[in-house]
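Reader: I would like a close look at one helix pair. Walk me through how the two helices meet, then place that against the rest of the assembly.

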Amino acid sequence: MFEYAPAPESRSVVDLKPSYGLFVDGDFVDPADGGTFKTVNPSSEEVLAEVAEAGAQDVDRAVRAARQAYERVWGPMPGRDRAKYLFRIARIIQERSRELAVLESLDNGKPIRESRDVDLPLVAAHFFYYAGWADKLEHAGFGANPRPLGVAAQVIPWNFPLLMLAWKIAPALAAGNTVVLKPAETTPLTALLFAEICQQADLPAGVVNIVTGAGDTGRVLVEHPGVDKVAFTGSTEVGRAIARAVAGTRKKLTLELGGKAANIVFDDAPVDQAVEGIVTGIFFNQGHVCCAGSRLLIQENVADRVLESLKRRMARLRVGDPLDKNTDIGAINSAAQLARIRELSDAGSAEGAERWSPPCELPERGFWFAPTIFTGVTQAHRIAREEIFGPVLSVLTFRTPAEAVEKANNTPYGLSAGIWTDKGSRILWMADRLRAGVVWANTFNKFDPTSPFGGYKESGYGREGGRHGLEGYLNV
Amino acid sequence: MTATATSARSELSELGRSETALRTFLHGLPGVDQVGAEQRAAQLGTRSIKTTAKAQAIDLAIRMVDLTTLEGADTPGKVRALAAKALRPDPADPSCPHVGAVCVYPAMVPHVAEVLRGSGVHLASVATAFPSGQAPLEVKLADTRAAVAAGADEIDMVINRGAFLAGRYSEVYDEIVAVKEACGSADGGRQGRPAAHLKVILETGELATYDNVRRASWLAMLAGGDFIKTSTGKVPVAATLPVTLVMLEAVRDFRAATGRQVGVKPAGGIKTTKDAIKYLVMVNETVGADWLDPDWFRFGASSLLNDLLMQRTKLTTGTYSGPDYFTLD
Amino acid sequence: MSERVAVRKTYKLFIGGKFPRSESGRSYLVQDANVSLASRKDARDAVVAARAAVKGWAGATAYNRGQILYRVAEMLEGRREQFVALGVPGDEVDAAVDRWVWYAGWSDKLPQVYGGANPVAGPYFNLSAPEPTGVVAVVAPESPALLGLVSVIAPAIVTGNTVVVATSPTQPLAAVTLAEVLATSDLPGGVVNLLTGRISETVPALAAHMDVNAIDLTGVADAELAIELEVKAAQNLKRVLRPAPADHDWSADPGITRMTTLLETKTVWHPKGV
């Protein structure tokens, strides 16, 4: 046997402080009521730092700072200068990418291979892409004189902390808005390091404000009467609450919510790449991906063969220390998320689906869940309907393309879908009929700053990325 | 072998009898998506193999080297020196293993055989009008028999790429079958000497697509090849990680279908330890431990060996070595 | 000889290409006519009709939809005097026809203007194209009765959506007459469904309906009601067009936002390889 020796990425590149304040008006400040919370490393349950919890007063202060920066500095600033700040930020992110990647893996639990090779390159690319838009907005196709909205309230999730920050902040700033962003309570650290990067770039005070905290902080932020725009990525349940909260206001809303994507494999698929795509689809980032291919639909006549290959491939997945460069699957982000994954998986077993995981030793401390598939799943099972947001795949079969489309669309969600077949015309036929915002054909979980991302139906509305991503931040 | 595998094997053995059956089968194999295959290969290339794993990998890689010289200028003196190096790659370190085989032209086989006799290092000879394969079948078979008679226990043949690309699969198949037979005909097995192992060179750089690589792999295995090998080293594109990935998938699937294990040999362009380790990682994660053995995986290379030796020294001594401290060949 | 007694028209609902009375059997007196007073059940039936029409209408070619919408404009033009007789100013009828023609031409252009290839950093074909969101509930503006109505229906349907429209409660006759135009053009039944009556009765049911994809609150003048409707719409994350300001200029260039708000952008990736 060829055992890979531990290959840990060094933590020394990260300089963790014992505590972090809020980033308001260009400075780190203490919260008005002094509340704090702890953020832990989910792979060890080690406390990484204490982080300030923003209350209503702090949020108000941040919104006022953003308003002032919008009116006095960022709004009046020529686009070409806004662009230069964004380019600067992109460059500093590239230069400090290893530090950011290690910190992301520490706080989130995702493997360093992903934070290093996927998250960070995409983060830098996103800023670089939108930087170039800042002085070309009149060419974006939204009329001759597109105007910014003002102050954007942005609430992001814990699955891609820095990448979601980039998806929110880059287009907002390029379009001329200022922002108050709330990172998720379990993953605030890279956002706070990003605040330092804003300082390093000499970004004018108040253009970017970071308020850390939990759901209450987010609620106060989106409900603040001083914001003109609300952008949220997270669960459909919270998205619904936000849509209600902004009813009757002027606030423009974009929502990027849950998903239960079908990954559809036909009998003529390039099977080895399809198996890779299935694995990437559900086990990338521990399955903490809103567009994860969590429902595998296999054409019945090849189901056994594909499953055999899939299981063989899953047995090769390396679960463990997120900072080990050879780790494929890291830690589940929090105890709460682990509990939810367990609950739904247990429901899958209880409802009669057959559960399988490769033999896999999980660390004793921290939050872990072995990569798991359920076969014999029907559309009626909870694990085929509810978003698990973990490394759990539900396998269903179909007989005809029409049946595949019907099953794929039979969900309130509509974020993404996958198609695997060597027949080009079938891909296009399927792509036309799938009610999903992103369709990956013979690939899966690919992202690019130029490519619009967002859902149909209860997966939300508005698009992030590309020219479309500007629309949510412009008065058009 | 299971009953299913036995029957699958006998069904597959019938394929060679009909051009139509062969074509239908080869074109019925699953396609290979180029981008996906290349990404998988690149991803495996990011594995970080350090310390004990690296030491283990380097020794394994040395044991897998087919130390090769295939030059018009090869002389008995040159190939004897190479054979000596194959036996003791690092004269300063007796713990260093010997390589898998020495690979030369047929005319050079007798000179190498003298040196290697009884050593456990195999003697491979290219044959069948290497590298182009553009010769009458009788010539190719005579080439093969001569190499085996002179002491080669491994034959690296080239397939007829022209016939393959023209879709004349039976022709390619029949030729491999004939060469395989020639491999065993040196002494008719009378002295109990086993037939030479047949490595079938697909020359993947000329096959243009991964779909063709997969088909050619199956064709070579169906016809009885013991190894499938990427390249002659004589065309611009030699072994690559994704081509090797497709071939590894083919041997994996072939064993699952027939129960017979076939080896894989990437050749050409593999020059550094880092490269070699990427291949070993790929073997490990695609086909597993069964292939992590010189009997089932080889590197066709020459300069690779010295880099492996330098890295080996670095691991044992902690200092970086230089080319002056290793023998040139 | 006595004067000829005119044949009066009955103004009914327009659902699935047919002209039913309200299932409630009610009507209300408005503009000197008895007009059907639609109920929540009529709204429900209209959604069923609109949903059934989505597949065919969204699946029709953009060219075909453009032709059908242009045909509607032709029929509208031909009935000019009929609208004038209902009290719609001639200028407004002309503007409504022009608006309809303007939108008709967008059918096969919006996907080009609003979609396109994305230059991703990798060996992929990547294309974004807009698609209709599905069934749209529309609250038509109180006035102008015809131009306002046309300005909310045309942008919704030209891209392939189907609509259930709550018409102006005080000026419903233009809407019912427009229904006659639509019924005699080639527009498939169910693409446009019209509910006359009280907004407060039908629209909450539409806003809460889980099989409606979007809601256009343009004609909701009551701010409290608008909030209630937007809150209801959040239940299934309907796309929302908020109420138009009271001073909205209906003659101005409408831009493409009405269309784009009711569209979904789908992005398709495929590797490029041999």
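Author: In this predicted model, α8(C) brings C:S200, C:V203, C:P204, C:A207 and C:A208 to its meeting with α9(C). The partners on α9(C) are C:L225, C:E228, C:L229, C:K232 and C:A233. By class, the residues of this contact are seven nonpolar, one polar and two charged.

Now the geometry. Helix α8 of chain C spans residues 199–208, and helix α9 of chain C spans residues 223–233. Their axes come within 7 Å and cross at roughly 30°. Angles under 35 degrees count as roughly parallel, so α8(C) and α9(C) are roughly parallel to each other. The crossing of α8(C) past α9(C) is right-handed.

Chain C also takes part in a sheet. That open sheet has 10 strands, with mixed pairing. Its order is β14(A)-β15(A)-β16(A)-β13(A)-β12(A)-β17(A)-β18(A)-β10(C)-β4(C)-β3(C). At the edges lie β14 (354–356) of chain A and β3 (116–117) of chain C, each paired on one side only. Inside chain A, strand β13 (residues 295–299) pairs with strand β16 (residues 392–398) in the parallel sense, over five bridges. There, A:Q299 stands opposite A:F398 of β16(A).

Last, chains A and B. Their contact takes 21 residues from chain A and 24 residues from chain B. On the chain A side, α4 (112–133) and α9 (271–283) each supply at least two residues. The most comes from α9(A), with five residues. By class, this side of chain A has eight nonpolar, five polar and eight charged residues.

Definitions and conventions
Residues are numbered from 1 along each chain as its sequence is written. Chains are lettered from A and ligands numbered from 1 in the order in which they are written. This is a predicted model: local features need pLDDT of at least 70, side-chain atom pairs count only at pLDDT 80 or more; totals for chains, interfaces and linings use all residues. Two strands pair if DSSP finds at least two bridges between them. Helices (H or I, at least four residues) and strands (E, at least two) are DSSP runs, numbered from the N terminus. Two residues are in contact if their C-beta atoms, placed from the backbone, lie within 7 Å. Ala, Val, Leu, Ile, Met, Phe, Trp, Tyr, Cys and Pro count as nonpolar, Asp, Glu, Lys and Arg as charged, and the others, Gly among them, as polar. Axes are lines fitted to C-alpha atoms, for helices over the stretch in contact, and angles run from 0 to 180 degrees between N-to-C directions. Angles under 35 degrees count as roughly parallel, over 145 as roughly antiparallel, 65 to 115 as roughly perpendicular and the rest as oblique. A crossing is left-handed if the near helix is turned anticlockwise from the far one by less than a right angle, and right-handed if clockwise.
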